[in-house]
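Hi,

Here is the structure I promised to send over. Have a look at it first, and then read on for what turned up when I went through it.

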Amino acid sequence: MEDGSEYRCWDELIPDALGLIFRNLSLQEILTVVPRVCKSWGRAVSGPYCWQEIDIEEWSKKQQQQHHPHHIERMLRMLISRSSGSLRKLCVTGIPNDAVFSFLADHAGSLQTLRMPRSQISDSIVEQVAGRLSTITFLDISCCNKIGAPALEAIGNNCKLLLGLCRNMELPSQADQLQQDDEALAIAATMPKLKHLEMAYHLLISTESVLNILSSCPELEFMNLTGCWDVKLDSNFLKEKFPKLKVLGPHLLDYYDMDDWGDYCSEYSDASEYFAWEIFSGDMEDYDDDDDSYDEMWDDDQRLDFDLRFYEGIEDAGLYGWPPSP
């Protein structure tokens, strides 16, 4: 090729650069299309370069809707293994069992952001592995109905860098089964560095418990109490005692306009990589029971224009809804 050619040797890019580029592709394209382009690209997607940040939240949400928790488990194990201990961020809906969560903890030496709403994990496994999650700064355990105060206490005692916590529940919640004041007390006792806290729809939480959190977490800047109907806070008291704090709820738009809240969350996320649980964007609607074919797992905007029949480095690709190798 002549010196003046526009040809680019994309296969000669270092794996780190390739990884940054491939992150702009869909999960399906990274795992099926990219490995077939050339050997260097295949090595890049098989190594840790593409998997320091794993976001399969939308994909896993659909698997949970279709009652395929085993697909979530297989995908998590594969991608976490590929990260080779360099995983910094994981977003997934519905970790299906304690074994997968323990596997995640074994590879969480660099993990900072963990979003795992609707996960089926227990207090006992959180207490066992919390010591391996010490680098986490942001945690979303919204709608994880099998955990409670013991798990939160273990997290607070071991995750000393924790700055953001989402512990939102659904409406209607299983409030009669949860001792939510105990959760608030666990947060107050073990998470003094919190800056961002979401506890929407904790129907049994009391005003006293919320005040306990406020007095124990002096750096708190944002608190979501939407739907915590029994909490009674005076806006003048908050402005005087906690001038840096913005509160959403208990009744929506009580203390400041919704537009202000959106601007605040956007600024907060950009500065500190906090991602609030989207309780107002439809993410908490009840799951339907439609038993769609697993071939339909990809949304229209994620589909490929052609069927790729060969896969490199992926066993049983059909498990993820992709056409099998001949």
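Before the helix pairs, one bit of vocabulary: the axes here are lines fitted to C-alpha atoms, for helices over the stretch in contact, and the angles run from 0 to 180 degrees between N-to-C directions. Please also keep in mind that this is a predicted model.

**The overall picture**

The protein has 12 helices and eight strands. There are 326 residues, and 50% of them count as buried. Take the contacts with a separation of 6 or more: 70% of those are between residues 24 or more positions apart. The exposed area comes to about 15600 Å², with carbon and sulfur atoms supplying 48% of it.

**Helix H4 and its partner H5**

Let me start with H4 (residues 57–65) and H5 (residues 69–83), whose axes come within 8 Å and cross at roughly 150°. Angles over 145 degrees count as roughly antiparallel, and so H4 and H5 are roughly antiparallel to each other. On the H4 side the contact is made by Trp59, Ser60, Gln63 and Gln64, and on the H5 side by His71, Ile72 and Met75. Sorted by class, that contact has three nonpolar residues, four polar ones and no charged ones.

How much of H4 is covered? Most of it: seven of its nine residues are buried. They are Glu57, Trp59, Ser60, Lys61, Lys62, Gln63 and Gln64, so if you were expecting a list without Lys or Glu, this one has both. What do these buried residues pack against? Besides H5, the partners are helix H2 (27–32) and the strands E1 (53–55), E2 (89–91) and E3 (113–115).

**Helix H5 and its other partner, H6**

H5 also packs with helix H6 (residues 98–106), here at an angle of about 10° and with the axes 10 Å apart. That makes H5 roughly parallel to H6. H5 brings Glu73, Leu76, Arg77, Ile80 and Ser81 to this contact, while H6 brings Ala99, Val100, Phe103 and Leu104. By class there are six nonpolar residues, one polar and two charged.

**Backbone oddities**

Two residues that are not glycine have a positive phi. One of them is His67, with phi near 60°, and His67 sits in the loop between H4 and H5, just after H4. His67 counts as exposed, at 51% relative accessibility. Arg118 also has a positive phi, of about 60°, without being a glycine. You will find Arg118 in the loop between E3 and H7. Is Arg118 buried or exposed? Buried, with a relative accessible area of 8%.

There is a cis peptide bond as well: it joins Gly249 and Pro250, with omega at about 0°. Pro250 is in the loop between strand E8 (246–248) and helix H12 (258–272).

**Cysteines**

How many disulfides does a search of the whole structure find? Zero. A disulfide is a covalent bond between the sulfur atoms of two cysteines, and the cut-off for calling one here is a pair of sulfur atoms within 2.5 Å. Why is there no bond at Cys143? Because the closest cysteine sulfur, in Cys144, is 7.4 Å from the sulfur of Cys143, and that is too far for a bond. Seen from the other side, Cys144 has its closest cysteine sulfur in Cys143, again at 7.4 Å and too far. As for cover, Cys143 is buried at 5% relative accessible area, and Cys144 is buried too, at 0%.

**A loop residue with distant contacts**

Last one: Ser134, in the loop between helix H7 (123–129) and strand E4 (138–140). Ser134 is partly exposed, with a relative accessible area of 34%. Which residues does Ser134 contact, leaving aside its neighbours within four places in sequence? Those are Asn158, Cys159 and Leu161. Ser134 and Leu162 are 28 residues apart in sequence, yet 8.5 Å apart in space, C-alpha to C-alpha.

That's the lot from me. Shout if you'd like to go through any of it together.

Cheers

Key:
Residues are numbered from 1 along each chain as its sequence is written. This is a predicted model: local features need pLDDT of at least 70, side-chain atom pairs count only at pLDDT 80 or more; totals for chains, interfaces and linings use all residues. Side-chain values use heavy atoms; hydrogens and water are left out. Helices (H or I, at least four residues) and strands (E, at least two) are DSSP runs, numbered from the N terminus. Buried means under 20% relative accessible area, exposed over 50%, partly exposed in between (1.4 Å probe, protein chains only). Contact means heavy atoms within 4.5 Å. Accessible areas come from the Shrake-Rupley method with a 1.4 Å probe; for residues, only the protein chains shown count as cover. Angles under 35 degrees count as roughly parallel, over 145 as roughly antiparallel, 65 to 115 as roughly perpendicular and the rest as oblique. Ala, Val, Leu, Ile, Met, Phe, Trp, Tyr, Cys and Pro count as nonpolar, Asp, Glu, Lys and Arg as charged, and the others, Gly among them, as polar.
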